[in-house]
Amino acid sequence: MADLLNANFHFNQYQWYRLTIVWDLVGSNPELKLYVDGRCVVQTAAFDPADYDLTNGQSLLLGFGKHDHFNGKIRDLRIYRRALSDADLSVVRKQLPASR
């Protein structure tokens, strides 16, 4: 999972990006992928999902961290009950308005 922290991508300040995270736990090769503006910039190697159990009974808070919080704008947020395939993501991208 450290792969995601070491993604070779630079975000420019004051520029909109479409970020998509796909956490696919189905099948024999669980993986996590990060897409920026429709392009997969990093993906993890296979891992054991049990090592990253995120269940805790707490409410999901977006933009809040242990020491700070997100200071910006989120224009569109979607959460799905399943991992989207590359084809699914392509369809979703076509439905969204252009980035500003």
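## A salt bridge on the central strand

In this predicted model, the side chains of E31 and K33 meet in a salt bridge, with a distance of 3.6 Å from N to O. Both E31 and K33 are buried, and the two residues belong to strand β2, which spans residues 31–36. E31 and K33 also point one way from β2 together with Y35, whereas L32, L34 and V36 point the other way. In a regular strand the side chains alternate between the two faces of the sheet.

The burial extends along the strand: six of the six residues of β2 are buried, so β2 is largely enclosed by the rest of the structure.

## The sheet around β2

Strand β2 is part of an open sheet of three strands, whose order is β1-β2-β3 and whose pairing is antiparallel. The edge strands, each pairing on one side only, are β1 (19–24) and β3 (39–43). From one strand to the next, the twist averages 25 degrees. Strands of a sheet pair through backbone hydrogen bonds, either parallel or antiparallel.

## Pairing of β2 with its two neighbours

On the β1 side, β1 and β2 run antiparallel and are joined by six bridges. Within the sheet, W23 stands opposite L32 of β2, and L32 is one of the buried residues that point away from the side taken by E31, K33 and Y35.

On the β3 side, β2 and β3 pair in the antiparallel sense over four bridges. Y35 has C40 of β3 as its bridge partner, while V36 has R39 of β3 as its partner. Y35 and V36 are both buried, but they point in opposite ways from β2, Y35 with E31 and K33, and V36 with L32 and L34. The hairpin of β2 and β3 has two residues between the strands, and in this hairpin D37 takes a positive phi near 50 degrees.

## The second salt bridge

By the distance rule applied here, which asks for a side-chain nitrogen of Lys or Arg within 4 Å of a carboxyl oxygen of Asp or Glu, the count comes to two salt bridges. Besides the pair of E31 and K33, the side chains of R82 and D88 meet in a salt bridge, here with 2.9 Å from N to O.

The accessibility of R82 and D88 can be placed against the cut-offs, under which a residue is buried below 20% relative accessible area, exposed over 50%, and partly exposed in between. R82 counts as exposed because its relative accessibility is 53%, and D88, at 24% relative accessibility, therefore counts as partly exposed. For the bridge on β2, by contrast, both E31 and K33 are buried.

Definitions and conventions
Residues numbered from 1 in each chain as written. Predicted model: local features only at pLDDT ≥ 70, side-chain atom pairs only at ≥ 80, totals over all residues. Heavy atoms only, no water. Pairing = 2+ DSSP bridges. Axes fitted to C-alpha atoms, helices over the stretch in contact; angles between N-to-C directions. Buried < 20%, exposed > 50% of the residue type's maximum accessible area, 1.4 Å probe, protein only.
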